[in-house]
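Visitor: I have a protein model on my screen and I'd like to learn how to read it. Could you walk me through a few features?

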Amino acid sequence: MEAYIRGIGNISPQPTFDNATFLEEIREYQTARLQSVDPDYKQYIQPNQLRRMSRLLKMGVTSAGICLHDAGVEKPDAIITGTGLGMMEETEKFLNGILDNGEKLLNPTAFIQSTHNTVGAHIAVMLGCNNYNLTYVHGPVSFENALLDSLMWLAEKPSDKVLLGGIEEITRDHFIITESMGFWKKDGINNLDILKNKTPGTIAGEGASFFLLTHEENPQNYAKIMGLSAKFNPGLKLQAASFIEGFLSENKLGKSEIDLVIVGLNGDVENDAIYDPVLNYFGENIIQTYYKHLCGEHYLASSFALWLGAKIIKHQSIPGIIRLNKTQKQGNIRNILLYNHYKNLHHSLILVSSC
């Protein structure tokens, strides 16, 4: 199953919403909680709608709008999104309202917008799109399953165009709770130095990434998604090389044909050790990169990685801020492998190639 990426839209803790730029400006944070850089939402959403929207809803709707505009598509044939936590801020508002008001006189807006499929449904309403619309809520593989569904849809209906999205937010309350569980590093850590800090925990992030997928060849296409594999395997550390080798074999590639690998290093010593066999498998002859110092760790972080891979292939440029080694590539970058895992439980591979 394959698909071209025709358009993209990405809102993240970096100023990535402008598709005319590619990580020319990098935001530094001295905190373990990275929040998205918001564009001027008034340029994308009517004021009367804007005032009723939650923060994540604004991010999702705007990112989807940027993606559709970039692709030159008014209405997709399917909308497929993934989210790990859903509309957490609105859920917290509603539950706090129950407690504060003694279960009386509750504001219905927070309840209406608290469901996980709110973003996908709102995009459909704004576009007048009555087509296939599904939201996957599968924790750290939510985006991978949404991508799989998108690829399956296009395999059955190759003339369609699918709007694929990954959305996630980190609220203050959720951050505090997960911080007490040892998920995050202490405040004062610089996000660009997380690999130097050899301690447990990482930095929290959020974002909204959308992709317009199609089977049609077009000079405007960014890249081509060639393959996807997701596994639940707590012991994969010992099998990482064979996992990747099998995936590449399925896609009729050898490791020497991979020009660049993007891994999900996040500064957590236990987490990052899982990537060592992968980086050793490819060796220094392949360009090695990472990305979670820019977007933070969250259930949908792999959607940021896909955005990054698509931009690298489109621009044939590798921002220095993501490099792990200084290996130079002779000729064009053709094949990029994305490898991400979440707490050594959920592992995923995405193969992205030039069009």
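Guide: We'll go through empty spaces, cysteines, aromatic rings and backbone angles in turn. Keep in mind that this is a predicted model.

Visitor: Let's start with the empty spaces. How do people find them?

Guide: Rolling a probe the size of a water molecule over the atoms shows where empty space is left. In this structure, the count is one cavity of 30 Å³ or more, and the volume of the largest cavity is about 30 Å³.

Visitor: Which residues line the largest cavity?

Guide: Among them are Asn10, Ile11, Ser12, Cys295 and Phe304. Strand 1 (3-11), strand 5 (207-214) and helix 12 (301-315) are the elements that give two or more residues to this lining. Strand 5 has the largest share, with three residues. Sorted by class, the lining of the largest cavity has four nonpolar, six polar and one charged residues.

Visitor: And what about the pockets? What volume does the largest pocket have?

Guide: About 260 Å³. It has 15 lining residues, and those closest to its centre are Asn266, Asp268, Glu270, Asn271 and Lys343. Helix 9 (269-272) and strand 9 (335-342) each supply at least two residues of the lining. By class, the lining of the largest pocket splits into four nonpolar, seven polar and four charged residues.

Visitor: How does the lining of the second largest pocket divide by class?

Guide: That lining has 10 nonpolar, two polar and one charged residues. The second largest pocket has a volume of about 220 Å³. Of its 13 lining residues, Tyr44, Val61, Gly65, Met126 and Leu127 are the closest to the centre. Two or more lining residues come from helix 2 (55-71) and from helix 5 (118-127). Helix 2 gives the most, with six residues.

Visitor: Cys295 came up in the cavity lining. How many disulfides should I look for?

Guide: To call a disulfide, you look for two cysteine sulfur atoms within 2.5 Å. By that rule, the count here is zero disulfides. Take Cys295: the nearest cysteine sulfur belongs to Cys67 and is 18 Å away.

Visitor: Why is Cys355 not bonded to Cys67?

Guide: The closest cysteine sulfur to that of Cys355 is in Cys67, but the two are 14 Å apart, so they are too far for a bond.

Visitor: Are those two cysteines, Cys295 and Cys355, buried or exposed?

Guide: Look at the relative accessible area. Cys295 has a value of 0%, so Cys295 is buried. Cys355 has a value of 53%, so Cys355 is exposed.

Visitor: Next, the rings. How do I describe two aromatic rings that meet?

Guide: A pair of aromatic rings is described by the distance of the centres and the angle of the planes. This structure holds 10 aromatic pairs. One of them is Phe22 with Trp307, an edge-to-face pair at 5.8 Å centre to centre and 75° between the planes.

Visitor: Where do Phe22 and Trp307 lie?

Guide: Phe22 is in the loop between strand 1 and helix 1 (47-50), while Trp307 is in helix 12, so the pair ties together parts that are 285 residues apart in sequence. Phe22 is buried at 7% relative accessibility, and Trp307 is buried at 1%. Phe22 and Trp307 also belong to one aromatic cluster with Tyr291 and Phe304.

Visitor: What lies over the face of Tyr281?

Guide: Lys255 does, at 4.6 Å from the ring centre. Tyr281 is in helix 10 (residues 276-282) and is buried, with a relative accessible area of 14%. Lys255 and Tyr281 are 26 residues apart in sequence, and their C-alpha atoms are 8.5 Å apart in space. Over at Tyr342, Lys343 lies over the ring face at 5.6 Å from the centre.

Visitor: Last topic: backbone angles. What should catch my eye?

Guide: Most residues other than glycine have a negative phi, and most peptide bonds are trans. Gln316 has a positive phi of about 55° without being a glycine. Gln316 sits in the loop between helix 12 and strand 9 and is partly exposed, at 31% relative accessibility.

Visitor: What is phi for Lys343?

Guide: Near 55°, again a positive value in a residue other than glycine. Lys343 lies in the loop between strand 9 and strand 10 (346-353), and at 45% relative accessibility Lys343 is partly exposed. You met Lys343 earlier among the residues closest to the centre of the largest pocket.

Terms used:
Residues are numbered from 1 along each chain as its sequence is written. This is a predicted model: local features need pLDDT of at least 70, side-chain atom pairs count only at pLDDT 80 or more; totals for chains, interfaces and linings use all residues. Side-chain values use heavy atoms; hydrogens and water are left out. On a 1 Å grid over the protein atoms alone, a cavity is a set of points where a 1.4 Å probe fits but cannot get out, and a pocket is an open set with protein on both sides within 12 Å along at least five of seven lines; lining residues have an atom within 4 Å of a point. Grid points are joined across faces, edges and corners, and a volume is the space filled by probe spheres set on the points. Helices (H or I, at least four residues) and strands (E, at least two) are DSSP runs, numbered from the N terminus. Ala, Val, Leu, Ile, Met, Phe, Trp, Tyr, Cys and Pro count as nonpolar, Asp, Glu, Lys and Arg as charged, and the others, Gly among them, as polar. Buried means under 20% relative accessible area, exposed over 50%, partly exposed in between (1.4 Å probe, protein chains only). Rings of Phe, Tyr and Trp (its six-membered ring) pair if their centres lie within 6.5 Å; planes under 30 degrees apart count as stacked, over 60 as edge-to-face and the rest as tilted. A charge sits over a ring if NZ of Lys or CZ of Arg is within 6 Å of the ring centre and within 35 degrees of the ring normal.
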